[in-house]
Amino acid sequence: GNRLLVYDTSDGTLLQPLKGHKDTVYCVAYAKDGLWSPEQKSVSKHKSSSKIICCSWTNDGQYLALGMFNGIISIRNKNGEEKVKIERPGGSLSPIWSICWNPSREERNDILAVADWGQKISFYQLSGKQIGKDRALNFDPCCISYFTKGEYILLGGSDKQVSLFTKDGVRLGTVGEQNSWVWTCQVKPDSNYVRHITGVVGCQDGTISFYQLIFSTVHGLYKDRYAYRDSMTDVIVQHLITEQKVRIKCKELVKKIAIYRNRLAIQLPEKILIYELYSEDSSDMHYRVKEKIIKKFECNLLVVCANHIILCQEKRLQCLSFSGVKEREWQMESLIRYIKVIGGPPGREGLLVGLKNGQILKIFVDNLFAIILLKQATAVRCLDMSASRKKLAVVDENDTCLVYDIDTKELLFQEPNANSVAWNTQCEDMLCFSGGGYLNIKASTFPVHRQKLQGFVVGYNGSKIFCLHVFSISAVEVPQVTGGTCPLSALARRTRSGKPGPLLVFSNKGKGGGRTRMKSLGDGEELVLRKYMFLFVVLPQDFLGSGDPKETKMLITKQADWARNIKEPKAAVEMYISAGEHVKAIEICGDHGWVDMLIDIARKLDKAEREPLLLCATYLKKLDSPGYAAETYLKMGDLKSLVQLHVETQRWDEAFALGEKHPEFKDDIYVPYAQWLAENDRFEEAQKAFHKAGRQREAVQVLEQLTNNAVAESRFNDAAYYYWMLSMQCLDIAQDPAQKDMMLGKFHHFQRLAELYHGYHAIHRHTEDPFSVHRPETLFNISRFLLHSLPKDTPLGISKVKILFTLAKQSKALGAYRLARHAYDKLRGLYIPARFQKSIELGTLTIRAKPFHDSEELVPLCYRCSTNNPLLNNLGNVCINCRQPFIFSASSYDVLHLVEFYLGEGITDEEAISLIDLEVPRPKQDNRQQEIANSSSQILRLVETKDSMGDEDPFTAKLSFEQGGSEFVPVVVSRLVLRSMSRRDVLIKRWPPPLRWQYFRSLLPDASITMCPSCFQMFHSEDYELLVLQHGCCPYCRRCKDDPGP
C-alpha cells in the first residue's frame, strides 16, 4: 500500500500510521542520526531515474544507498545529492532488490552488501569500488540483513528459505525453510548474546516466523595447542604457552576440528583437510596442507592421529587413512559420549572412549578389539587418564567427579559439582576439575584447593590450567615452588599465620616427568623458600602500599629481577611494567616472542617515550608482525622508519600510499621497489618504478639491457616495444633544456629502430616458422618498407638476406616480377645461409621466365599529387614527384590515404584545435533540374550553377600545385583552411613537449583510420580492432584496451 505503519516490537502495538505517499511504498529505512522524526510535518522529496526498491543508511547517517529497478545503485548524502552511481553488469535485467550497510564499527570502510535478481551478491565501498567478485546465489534474493556486529548476513528469497552467509558472502547453511518466498528478514538489534541470536522472517503468504540461532563451539585441544573456529569459516590455532596464534582461512563452513601433536584436521562440508607442522619445533606455528580427503562425511565427533582420522557416528567408530580409505570399524553397545586420544606410537595410538551406558573403553587404532577398562552405573560426560595411565577420572551425568584405579577398578575418591576434569600431564597425583563457578585442584590425598572460575577445565600442564569460557580459552597460572608443585597460595597462608611448621613440596622424580612424591626441605632449602615467600607474598601485602614511591619502585624491580632469574618471565614482565621499567619488560617479551604483550605495552606507552616504543617496533618487526610494528612507528610519528618497514617487508601498497601523502619519501620507496622487481625478473615494471623515482639513468639502463636481450634472443616484437619505451623515456628527459637536443636526437633514433624491429618481426617469423600468419600482400609491403628504410649500418639482428628473400618470394607470387628479379640479383652479392641456398638458386632461374614488369595493382599511389610510384624507389619511402613522405599502416603496411600538413605562422595548437572543432557547415549546392519530354522519351537533367561549381575544398586546393625543384615543400594551412576542415577527417599526434603536434588530413573520409593514443601509430580501423581483440592491447605499444589515457 501507500502507508507506513510504525509498531512497537515488544508487544506488536501500532504506534503511528504515516501518510503522505500517493504510490506504493517499497522500502523504508531509519537514519541513525535522527534525520527525520515523527514530529516533522513535511519531508524533502527527490526524483530518481527508476523505481526505488530498497534503501539503507550508513552507520553515521550521512549517506543513503538506493537500489533501483534498472540495476543501478545510487549513493546520496542526506541532502539528497547523488555522490556515487554504481551500474551493475546485468542492468535492467538485474533489479537491485535488497541492499544493506555493514553495521560493524571495526571495518575501515563502510561496506554495502548488494543482492540483485541477476542472482548475485556483491560488496562495495562507499566510494563505489567493488570488494572481491560477485558471488552466485542460484535464486532471486529478496532481502538481506546483517547481524548487529556485521559478522554474518541473513539472506532470503525465491528459494523459500533463509540462509546464513559470512560477511564476505560465503554460504554457511540454512536457518529455516518456508512455504513461500521470503520477502524480509531482520536480526534483533543490540543483542549482547554471544551464542544466541534472534531473527524474524516475513513471507509472501503473510507468515512471520521467529528463529533463534545458536552457535556451538567447534574446537580441539592437545596439550598446549588449542584450535577453534572463528567467523564460521576460519580456524585459529593458539599456542597456550607462547600465546602465539595462526589463522587458517578455509573459505567454507568449518564443521569439526581435531588436533593431535603435529597434526590438524578440519572438516568442511564436502571434504576433510589434514594439516601438519613445518618442523618438529615445539613452538612452531606454521601449518601446511598434508592431505585432502574429498568426500562428504556425517559424524558427531572427529579425532585425528598421526596417520589416521577417527569418525564417531552415534554408536560406531570408523578409522580412515589420510587417503580416505576405511581401515577399521568398531560398533559400540551404546551411544558414544566422549572420545580422546591418549597418545602412542604413530599408527598405533590409543583412544579413550566413554559411553552413555557408563562403559569406558580403550581402543588402539591398529587393533579391531576394544578393551573395557571399567563399567559404572551412570553415563559418561567427560574423562581423562593420568600421566602413568594407572588412574582414571570420570565426570558423570550427575556432575560428580569419580577417580578410579585402573588396575584394581577401585573408586579412590569422588567430588561433587564437576562438569569437566583434567589430569596434570607432568604430575601423577594432581588433577583439577571445574563446576559450579569454581576451579578445584586436588593434590594426592590433600584437601581440594578451590578458587572462583567461569567456564570449563580442558587441560592441565605443569603449572598452567587451561579453561574454556564461551569462545575463548585462558591459562590459569598455579604458582609453583621451585622443584615442586604445591600451590603457592596455600603456602602463603601458612607463612602469614606465623606458624611455619614443616614445609612440604612435591618434587618430580627424574627428568621424565614421572611419578611425584612429597619431601621435607632441608635447612638451607627452607631458608631460600622463606626468603622467596617473604619477598613475594608478605612484603607486597604489608609494605608496598605505605612505603616511599622510590623504595616501592626499587622493591618491585627487585621482585621482577628475582622472577626473571627463577624463570618466571611473565610475572617479571608484569612487575617491570608496574615499576615503569618498560625497556626490561619489552626485552623479555621480545626474547620470548610474545607479540600480544608487546603490542599491548606499545599501545599503553605515551608517544613521547621513544626508546621503549622504538624497541617494541624493532622486536615486532623481528617477530614477523609488520602490522603491529607499523602501528608503533605511526604512534611515534617516525615516518622514515615506517617507510623502511614497508620496504623491508615488501608491503608495497602501504608504502605507495604513504609515498602519495609524503612525496619526500618517493626515492626511499620506488628505488628499492624497482630493485625488488628486477630481482624477481619483472624488468618492465622495474623500469617504470625507476622512472617514477626519478632515477632516469637506471631506468634507461634496464630498458637497454632488456632491448639487447630481446634482440639477442630474436624476440624482435619485444625489441620494438623496448625501443619505443626508450624513445619515450628520452622524450621525457628532453624536457630538461640542458639535454634537449641530445635527447631529441636519441628519441628519433629509437623511434626508427622500433619501427624497423616491429616490421622485421613478421619477416623473421615467416622465414623461421613452418606456417605464416600474414597474408602475402602484408609480407610484400613489410619487406618493401624495410628495404627502403634500412640505414647503411644494418641494426643488430636484422638480416638483409631474409628481407630480400621474402620480398623476392612474395613479389613473384603477386606478379611484381621486375622487383623479384632485382631482389634475387641483390641476394647474389650476399652470404646466403645453407638452408636458403637451394630456394634462392631455383627462384633466380625461374624468375628469368617471367615478364620484365610489375603488376599495376601493386604500384603505390601518392595521395597528395596522385602520382604512381615505382615499387623500387631510390628516394626511399617518399613520393618521387612531390617528395611527400608516405604514411604506413603499422599492421598491413599499406600506404594510408593521409597527408601531413603544418600550421601557418602564428597559429598555436590550441587555436588549430578550436578552429577544426567549429565544424562550419559547407555551402549548399545550387542544383536545378530540367525536364525534357518528347514522344519517345522523357529525360531528367541536373544542371549545376556557377555558384556550385566554385565550391572547392580549400585543403585540396593547397595540394594541387606544380612541384618546383627536388626539395620537399610541406603543406601549410591557414586559419581559413583549418576552419573548413571536419574534425573526423583530421588525425593529430599530440606529442608531449618539447615536440610540436603533428596534423594529418584523411583524403578518403569513408575509409576509417584509427590512431593509437599512446604510440600514435596508424592502422586501418578494422585491422586495429581485430588485433586489440586478439591481444587485448595495442600491437605496437601494448597499451591495454581498458586504459583510459595514453
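Here is a short chat about a predicted protein model.

Visitor: Hi! How many helices and strands are in the protein?
Guide: Welcome! The protein has 24 helices and 54 strands. Keep in mind that this is a predicted model.

Visitor: And what share of the residues is buried?
Guide: Of the 1046 residues in the protein, 47% are buried. As for the outside, the protein exposes about 55,200 Å², and carbon and sulfur atoms supply 50% of that area.

Visitor: Let's zoom in on a helix. How many residues does helix 7 have?
Guide: Helix 7 has 13 residues, running from 610 to 622. From its first C-alpha to its last it reaches 18 Å, close to the 18 Å expected at 1.5 Å a residue.

Visitor: Which of its residues are buried?
Guide: In helix 7, the buried ones are Pro612, Leu613, Cys616, Ala617, Tyr619 and Leu620. They span an arc of only 165° around the axis, so they sit on the same side of helix 7.

Visitor: What covers them?
Guide: The cover over the buried residues of helix 7 includes helix 5 (582-592), helix 6 (595-604) and helix 8 (626-636).

Visitor: And what's on the face turned away from the buried side?
Guide: That face of helix 7 carries the exposed residues Glu611 and Lys622.

Visitor: What comes after helix 7?
Guide: Aspartate 624 follows helix 7, and its phi is positive, near 60°.

Visitor: New topic: where is leucine 5?
Guide: Leucine 5 lies in strand 1, which covers residues 4-7. Leucine 5 is partly exposed, at a relative accessible area of 40%.

Visitor: Which residues form a nonpolar patch with it?
Guide: Leu5 joins Tyr7 and Leu14 in a nonpolar surface patch, and together they have about 280 Å² of accessible area.

Key
Residues are numbered from 1 along each chain as its sequence is written. This is a predicted model: local features need pLDDT of at least 70, side-chain atom pairs count only at pLDDT 80 or more; totals for chains, interfaces and linings use all residues. Side-chain values use heavy atoms; hydrogens and water are left out. Patches are made of residues with over 30% relative accessible area and no salt bridge: like charges are joined within 9 Å, nonpolar side chains (Val, Leu, Ile, Met, Phe, Trp, Tyr) within 5 Å. Accessible areas come from the Shrake-Rupley method with a 1.4 Å probe; for residues, only the protein chains shown count as cover. A salt bridge is a side-chain nitrogen of Lys or Arg within 4 Å of a carboxyl oxygen of Asp or Glu. Helices (H or I, at least four residues) and strands (E, at least two) are DSSP runs, numbered from the N terminus. Buried means under 20% relative accessible area, exposed over 50%, partly exposed in between (1.4 Å probe, protein chains only). The expected span of a helix is 1.5 Å times one less than its number of residues. The arc is that of the directions from the helix axis to the C-beta atoms. Contact means heavy atoms within 4.5 Å.
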